[in-house]
Each structure stands twice: as C-alpha cells, then as structure tokens.
Amino acid sequence: MMPTRLIAALVCLPALAATLPAAQAAPQSTRPGRPTSEAKPAPKPPSLDDLFARLRASEDPAEAKGIARLIERHMAGSGSPTVDLLTDRARQAVTAHDFPLAAELMDRVTALEPNWSEGWNRRATVFWLLTDKDDALADLRRALVLEPRHFEAWAAMGRIYESLDDKARALAAFRRAKALYPQMEKVGEAINRLTPEVDGRDL
C-alpha cells in the first residue's frame, strides 16, 4: 500500500504546479527599476514618392546612384509571378543576343500587364536592340504615360531622338531626365553638347 505521506504529496503536486508560473512571473513584473520592454515596430520603407524627392534633392553622385537603384528595384516588380518570370527569360534572351525571342517574351509581358511601366520600357530596349526605333519610341511614350518620372525612359528617348538627328526633341528628353535625376551620368554631357546647337550659342 502506498504510504499516506506520498499520497498527500502527489495530490498536492497539481495545485503546486498551477501556482508555479504565476509565482515565477510575479518577481519579473514587480522588480523595481526595470520597465517592461516593448518590441519596436520595423522601420517603414520609403515610398516611391519619397525616393523620387530624395533623388531630385541629392547633390552627391554616389548617394543619388544608390537612390536611383532603389527606385529601379521598386519599379522592377510587376506584381505578377508569371510576368516576372517572362521578363527574366527575356533578359536571359537579350544576354544570349536572341533579340527576336526577347521581343516575343516582352510582347506577352505587356499583354498580361499593360499598366506596368517598366514592361514597356524593357520592351523598348529590345526594340532598340533590333534597330526598330519607331516601336522603341512608341513603347517609351507608353511607359512615360504610366510613370512620367521614369528617368531611364526619358534618357533612352533622348538617345533615340539624337540617333535620328532630332536634336530638339533629344534635348527636351534629356532635360526631363536631368530634372528627375540631376546627378544622372552622361545626361549632363548630352545637354551641354546639344544646347548650343538647339538653343544657339551665347555671343
């Protein structure tokens, strides 16, 4: 037969166990001089509007380049896994110099996500590589309707117009790119090169 004292101890164990968490927690909550720590929320990433404002205000080329990369990364995602996969395959096709395949893939991208500015910008790049300047310009215009702050699209438009010897439109496009991204490489050089020919030289 089980001893009486052991039986009494076993009966008391559940009650004792129930009181342990409260007993252990109490000293922590009542210990003086140690305020309860609260988890800080993760910092909110800057919005696209914030990034564009910082890009315009930046006077440091290295800082501006970093901000521009954040903007490009922000705009690079279509929101559709299928479209992102097709876009990546088009990029691989461009790397392999299979420009017709890249154009076909980007045709699907723009059909599936017609409101994605970067899709039109990337298809314009493929058309440029295919020396189809008219279609490249048409896609850049579409991209800029969807996102007028797309500085890469403005710069690309300037390069195409300059290659067509349309210097006035090239200068206007380069100026739009520079207004959005003042530290953008080579855009300032293009503006300095074209301004005397378009606006005339100062006497």
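Colleague: By class, which residues make up the lining of the second largest pocket?
Modeller: Happy to help, and keep in mind that this is a predicted model. The lining includes residues such as N121, W128 and R159. Sorted by class, this lining has 6 nonpolar, 2 polar and 4 charged residues.

Colleague: Which element gives the largest share of that second largest pocket's lining?
Modeller: Two helices, α6 (117-129) and α8, each supply at least two residues of this lining. The largest share, 6 residues, belongs to α6.

Colleague: What is the class make-up of the largest pocket's lining?
Modeller: The largest pocket holds about 290 Å³ of space, and 16 residues line it. Among the elements giving two or more residues to that lining is α3 (61-76). By class, the lining has 7 nonpolar, no polar and 9 charged residues.

Colleague: Let's turn to the interior. Which element gives the largest share of the largest nonpolar core?
Modeller: In soluble globular proteins, nonpolar side chains tend to be buried together. Here the largest nonpolar core has 35 residues, and L55, I71, F151 and M157 have the most contacts inside it. Elements giving two or more residues to this core include α2 (48-57), α7 (133-146) and α9 (167-180). The largest share, 8 residues, comes from α8.

Colleague: Leaving aside neighbours within four places in sequence, which residues is L55 in contact with?
Modeller: L55 is one of the residues with the most contacts inside the largest nonpolar core. With neighbours within four places in sequence left aside, its contacts are A64, I67, A68, I71, F151, L180, Y181 and P182.

Methods. Residues are numbered from 1 along each chain as its sequence is written. This is a predicted model: local features need pLDDT of at least 70, side-chain atom pairs count only at pLDDT 80 or more; totals for chains, interfaces and linings use all residues. Side-chain values use heavy atoms; hydrogens and water are left out. On a 1 Å grid over the protein atoms alone, a cavity is a set of points where a 1.4 Å probe fits but cannot get out, and a pocket is an open set with protein on both sides within 12 Å along at least five of seven lines; lining residues have an atom within 4 Å of a point. Grid points are joined across faces, edges and corners, and a volume is the space filled by probe spheres set on the points. Helices (H or I, at least four residues) and strands (E, at least two) are DSSP runs, numbered from the N terminus. Ala, Val, Leu, Ile, Met, Phe, Trp, Tyr, Cys and Pro count as nonpolar, Asp, Glu, Lys and Arg as charged, and the others, Gly among them, as polar. A nonpolar core is a set of buried Ala, Val, Leu, Ile, Met, Phe, Trp, Tyr and Cys residues joined through side-chain atoms within 4.5 Å. Buried means under 20% relative accessible area, exposed over 50%, partly exposed in between (1.4 Å probe, protein chains only). Contact means heavy atoms within 4.5 Å.
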